[in-house]
Amino acid sequence: GPSGSGKTSLAREVCDELKDKAYFSISTTTRPKREGEKDGVDYFFVTKEEFLKDVEEGYFLEWAEVHGNFYGTSKRQIDKALSEGKIVFLDIDVQGHEAVRKAYPDVVTSVFVTTKDKKTLIERLKKRGTETEESLKVRMINALHEMKKIPEYDYLLINDDFNEAKEYLRSCALASLIKTSKYDLD
């Protein structure tokens with residue numbers, strides 16, 4: 001879902017609740033750290049040069065340039081967690097979703113997280129205190145583009161009430177453990 005929809009907060013909370021059953025994939029980014037963020041916890045923060053070198057070496061399952069910064073998801077981390085039977089939470093954009101669905105078609109259960117309306121999304125982005133008027137406009141344009149991809153997702157989660165949305169996301173995560181596509185039915 002779009003920036004400000006609450007997808008990261010929801011995914012982290014559910015992942016924490018599921019403890020050993022889940023793994024929250026930490027993305028790599030070239031964007032600057034925000035106040036309170038920690039390297040290796042929120043993101044792996046790298047330079048653009050380091051990021052592009054990792055792209056060349058095939059380190060990423062998916063990567064994209066978003067709002068002028070690069071973001072990517074490590075293949076190794078995901079494969080390790082999946083081999084351990086864990087639910088892997090990925091906090092990715094719509095481009096990332098397409099790449100992950102292609103790489104893991106039998107495993108992916110996708111949830112598009114958004115707000116009930118544009119006004120709520122703008123309020124949440126402003127509340128962060130990290131957006132300029134220009135960056136807010138860019139994020140809203142991107143949000144409208146991302147919304148067109150909703151039909152490609154398995155579930156749509158309107159994050160209007162955080163606790164309710166968290167329970168829905170938890171339900172989707174647990175249901176993903178028993179998808180028929182994960183079994184050799186022959």
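Reader: Which residue of β5 is the bridge partner of Thr 28?

Author: Thr 28 has Gly 72 in β5 as its bridge partner. Bear in mind as we talk that this is a predicted model.

Reader: What makes β2 and β5 a pair?

Author: Two strands pair when at least two bridges are found between them. Strand β2 (residues 28-29) is joined to strand β5 (residues 69-74) by two bridges, and these strands run antiparallel.

Reader: What is the strand order in the open sheet?

Author: The order is β3-β2-β5-β4, an open sheet of four strands with mixed pairing.

Reader: Why are β3 and β4 called edge strands?

Author: An edge strand is recognised here by its pairing: β3 (44-45) and β4 (60-66) each pair on one side only.

Reader: How many bridges hold β4 and β5 together, and in which sense do they pair?

Author: Six bridges, in the antiparallel sense. As one place to look, Ala 64 stands opposite Tyr 71 in β5.

Reader: And what makes β4 count as largely enclosed by the rest of the structure?

Author: A residue is buried when its relative accessible area is under 20%. Five of the seven residues of β4 are buried, so β4 is largely enclosed by the rest of the structure.

Reader: Which helix lies across β3, β4 and β5?

Author: That is helix α3 (residues 75-83), running at about 30° to β5.

Reader: Let's turn to backbone angles. What is notable about the phi of His 67?

Author: Most residues other than glycine have a negative phi. His 67 is not a glycine, yet has a positive phi of about 55°. His 67 belongs to the hairpin of β4 and β5, which has two residues between the strands.

Reader: Why is His 67 called partly exposed?

Author: Partly exposed covers the range between buried, under 20%, and exposed, over 50%. His 67 has 29% relative accessibility, so it counts as partly exposed.

Reader: What about Lys 19: where is it, and what is its phi?

Author: Lys 19 is in the loop between α1 and β1 (22-24). Its phi is positive, about 45°, although Lys 19 is not a glycine.

Reader: How do you know whether Lys 19 is buried or exposed?

Author: The cut-off for exposed is over 50%. Lys 19 has 60% relative accessibility and therefore counts as exposed.

Reader: Now the helices. Why are α1 and α7 called oblique?

Author: Helix α1 (residues 7-18) and helix α7 (residues 162-176) pack at an angle of about 60°, with their axes 9 Å apart. Roughly parallel needs an angle under 35 degrees, and roughly perpendicular starts at 65. The angle of about 60° falls in neither range, which makes α1 oblique to α7. The crossing is right-handed.

Reader: Which residues make the contact between α1 and α7?

Author: From α1 they include Leu 10, Val 14 and Leu 18, and from α7 they include Phe 162, Leu 169 and Leu 174. By class, the contact of α1 with α7 has nine nonpolar, one polar and five charged residues.

Reader: Ser 9 is in that contact too. Why is Ser 9 called partly exposed?

Author: Ser 9 lies in helix α1. Its relative accessible area is 42%, so with limits of 20% and 50% Ser 9 is partly exposed. Ser 9 and Ala 165 are 156 residues apart in sequence, and their C-alpha atoms are 11 Å apart in space.

Reader: What makes α5 and α6 oblique?

Author: Helix α5 (residues 118-128) and helix α6 (residues 133-147) pack at an angle of about 140°, and their axes are 11 Å apart. Roughly antiparallel requires an angle over 145 degrees, and the roughly perpendicular range ends at 115. α5 and α6 are therefore oblique to each other. Their crossing is right-handed.

Reader: Which classes of residue make up the contact of α5 with α6?

Author: There are six nonpolar, no polar and five charged residues. Among them are Leu 121, Ile 122 and Leu 125 of α5, and Leu 136, Arg 139 and Met 140 of α6.

Reader: To finish, how do you know that Asn 159 is buried?

Author: Asn 159 has a relative accessible area of 3%, and buried means under 20%, so Asn 159 is buried. Asn 159 lies in the loop between β8 (155-158) and α7. Leaving aside neighbours within four places in sequence, the contacts of Asn 159 include Ser 5, Leu 10, Val 113 and Arg 124.

Note on methods: Residues numbered from 1 in each chain as written. Predicted model: local features only at pLDDT ≥ 70, side-chain atom pairs only at ≥ 80, totals over all residues. Heavy atoms only, no water. Axes fitted to C-alpha atoms, helices over the stretch in contact; angles between N-to-C directions. Left-handed = near helix turned anticlockwise from the far one by under 90°. Contact = heavy atoms within 4.5 Å. Nonpolar A, V, L, I, M, F, W, Y, C, P; charged D, E, K, R; others polar. Buried < 20%, exposed > 50% of the residue type's maximum accessible area, 1.4 Å probe, protein only.
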